[in-house]
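Open the model in your viewer and keep the sequence panel at hand. The stops below say what to select and what is found there.

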Amino acid sequence: MSRFRIIIIAVAALAWIVVGLLVARGPQPEIIVPAEVITKVGFLNISNTMISAWAAMIILAVGAFLATRTMKLIPSGAQNFVESVIEFLMSQLEDIAGSKNARRFFPVIATFFIFILLANWMGLLPFFNAIGKTEDIGYHLFHEIEEHHAEHKPFDEEIAHASGWLVDDTGIGLVRPNAGDAHFSLGASPETPVSPEQALDKYVVFLAQTFVDFDPEDHGAVDDGHGGFEVTAEMLTAAIAALNADPDAPKLLDGDHDHGVASAALGDELIVGGIDFPGQKLALIIPLFRSVYSDVNNTLALALISFVMVEFWGFRTLGFSYLGKFFNFSGLIPFFVGILELLSEFIRIISFAFRLFGNIFAGEVLILMLTFLLPFLIVDIIYGLELFVGFIQAAVFALLTLVFAVMAVEHHDEEHEGHEGEAGHDNMESQGTPGQ
Amino acid sequence: MAKPERGGWIAPTAYLMGAGWYFATCIVVGILLGLWLDSLTGLEPLFILLGIVLGLTLAIGGGIRMLLPFMKRFGGGANGASGGGE
């Protein structure tokens, strides 16, 4: 490749990154491991991963219905596509499990594969993790301070979920590029507790810093030795004045001793009953859609289904002699091996659940972080990688369930022979077509 | 080496990735179980050592059981796993 061409590519890549940073940079992501609850129906929490799972189910059901509504002997269009997918999966299954077992396991294994694949790839759509309901972190922080005040309980640790973005939206919102972000820190620990009154002062100064570029150092902020600073009466008065000067900045609402938090620095001169955000809010967008398997509950559910199906096939084929695999009293070593086998069955559930969750959650975090750090070019490459990971993880889940199912339905005697080096052991080979 | 058949790389890749996670899970679960029992009984470091031994045994025992069929199926017979990249 000529030097000129390399320079052109490098400049184009750099320009792509710069444009991304200017127009498409996401706000600093708030990584929340558990799936966010969107709404509650009775005792049931409806999380964003559940909504995505339902969306995937609807797409599959409607897609299958439409593709097979008018089936023809010589397929075309959607029917052709669906048939080729099914044929491909069937050939892979037959290759590993043999034709008899393949037909038996196919509905479950193919459902696993297709559903996981669709769920993983759907998670890469642009509106995932981008559109959601606004959760007011500004109100949430004041509410926490109010609660501690009512209970006369000092803060001995930082407030959870104390970070947010500056957003205009209320209700349903979109994660805007280049939204400012802010993190409220109390500097609290069990050794250095912070009273609710001190927390209020720190919060007012934080609001002034975030919304009106108030600089505490101009008002004699001195490090208190824990990375924070002591809020003085003069600093607090200046911060309130700065907030009041800007019509769009948050406003402190008057309170009284029964309903409100008094200031530590100003005493009864300042009792705050609430905070009003007339302009931008400090909020987080809780996404309505999030990748289904970035939630460990969903991967665990799938792992349990896989476990139950494998055991079901094992019992159905071998009857109660299936238990002989785990409880073998013919000698000490077989007994020990059986117990290990039994433990392995349960470890598989954890292994299944965390493999899928780990891969998908890590991919999601990676994309969110890179959208913040280096949007466009690098994220595009990672999207490609995530397409591959989504596919491979669907294949891993389906294939391992299949292999464990094949191992479960094989007779113990066959297995024993196999351990002694006989070729007959291996169902993956003996029952399969010679695909090598 | 024979040319891979259509999609022939998927099964071995997926299988090995699955086996890798199985090893890791066994060891991590063994250690966490040991730590938990230690904190419960105060017999530190007895259970963490037992947990490590159990985790490793499960990982190696279960791993061999998972990999033997793999080597037979994908490993190219007598050459073991040398042809694993089919």
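Select Lys281(A) in this predicted model. Its relative accessibility is 11%, so Lys281(A) counts as buried, the cut-off being under 20%. Now add Asp136(A): the two side chains form a salt bridge, with 3.9 Å from N to O. Asp136(A) belongs to strand S3 (residues 131-136) of chain A and Lys281(A) to strand S10 of chain A, so that the bridge links parts of the chain 145 residues apart. Buried or partly exposed: which describes Asp136(A)? Asp136(A) is partly exposed, at a relative accessible area of 23%.

**A salt-bridge network in chain A**

Next, select Arg290(A), in the loop between strand S10 (281-287) and H7 of chain A. Arg290(A) is buried, with a relative accessible area of 2%. Which residues are linked with Arg290(A) in a network of salt bridges? They are Glu36(A) and Glu364(A).

- Show Glu36(A): its side chain meets that of Arg290(A) at 3.1 Å, N to O. Glu36(A) sits in the loop between helix H1 (3-23) and strand S1 (37-41) of chain A, and the pair is 254 residues apart. Glu36(A) is buried as well, with a relative accessible area of 10%.
- Show Glu364(A): the salt bridge between Arg290(A) and Glu364(A) has an N to O distance of 3.5 Å. Glu364(A) lies in helix H8 of chain A, 74 residues from Arg290(A). At 10% relative accessibility, Glu364(A) too counts as buried.

Over all chains, the count of salt bridges comes to 6.

**Two helix pairs**

Select helix H3 (residues 77-122) and helix H7 (residues 296-318), both of chain A. How do their axes cross? The axes come within 11 Å of each other and cross at roughly 170°, which means that H3(A) is roughly antiparallel to H7(A). To see the contact, show side chains on both helices. From H3(A), the residues taking part are Arg104(A), Phe105(A), Val108(A), Phe112(A) and Ile116(A). On the H7(A) side they meet residues including Leu302(A), Ile305(A), Met309(A), Trp313(A) and Arg316(A).

Then select helix H8 (residues 332-373) of chain A together with H2(B). These axes come within 10 Å and cross at roughly 90°, so H8(A) is roughly perpendicular to H2(B). Phe336(A), Leu340(A), Glu341(A), Leu343(A), Ser344(A) and Ile347(A) are the residues of H8(A) in this contact. Their partners in H2(B) are Leu54(B), Thr57(B), Leu58(B), Gly62(B) and Arg65(B).

**Chain B**

Color chain B on its own. How many helices and strands does chain B have? There are 2 helices and 0 strands. Chain B has 86 residues, of which 37% count as buried. Its accessible surface comes to about 4,700 Å², and carbon and sulfur atoms account for 76% of that. Among contacts in chain B between residues at least 6 apart in sequence, 57% join residues at least 24 apart.

Now show the surface of chain B and select Ile27(B), Leu49(B), Ile52(B), Leu56(B), Ile60(B), Ile64(B) and Leu68(B). These residues form a nonpolar patch with about 570 Å² of accessible area together. Helix H2 (residues 46-74) of chain B gives the most to the patch, with 6 residues. One of the patch residues in H2 of chain B is Ile64(B), which is partly exposed at a relative accessible area of 48%.

**Backbone details**

Most residues other than glycine have a negative phi, and most peptide bonds are trans. The next three selections depart from this.

- Glu44(B) and Pro45(B) are joined by a cis peptide bond, with omega about 0°. Pro45(B) is in the loop between helix H1 (10-41) and H2 of chain B.
- Asp213(A) is not a glycine, yet has a positive phi of about 55°. Look in the loop between helix H5 (196-212) and helix H6 (233-245) of chain A. Asp213(A) is exposed, with a relative accessible area of 70%.
- Phe376(A) has a positive phi, near 75°. Phe376(A) is in the loop between H8 and helix H9 (377-409) of chain A and is partly exposed, at 24% relative accessible area.

Finish at Phe127(A), in the loop between H3 and S3 of chain A. Phe127(A) is partly exposed, with a relative accessible area of 35%. Its C-alpha atom is separated by 8.9 Å from that of Leu288(A), and the two residues are 161 apart along the chain.

Methods: Residues numbered from 1 in each chain as written. Chains lettered and ligands numbered in written order. Predicted model: local features only at pLDDT ≥ 70, side-chain atom pairs only at ≥ 80, totals over all residues. Heavy atoms only, no water. Patch = residues over 30% accessible without salt bridge, like charges linked within 9 Å, V, L, I, M, F, W, Y side chains within 5 Å. Areas by Shrake-Rupley, 256 points an atom, 1.4 Å probe, with all protein chains shown as cover. Salt bridge = Lys/Arg side-chain N within 4 Å of Asp/Glu carboxyl O. Helix = DSSP H or I, 4+ residues; strand = E, 2+ residues; numbered from the N terminus. Buried < 20%, exposed > 50% of the residue type's maximum accessible area, 1.4 Å probe, protein only. Axes fitted to C-alpha atoms, helices over the stretch in contact; angles between N-to-C directions. Parallel < 35°, antiparallel > 145°, perpendicular 65-115°, else oblique. Contact = heavy atoms within 4.5 Å.
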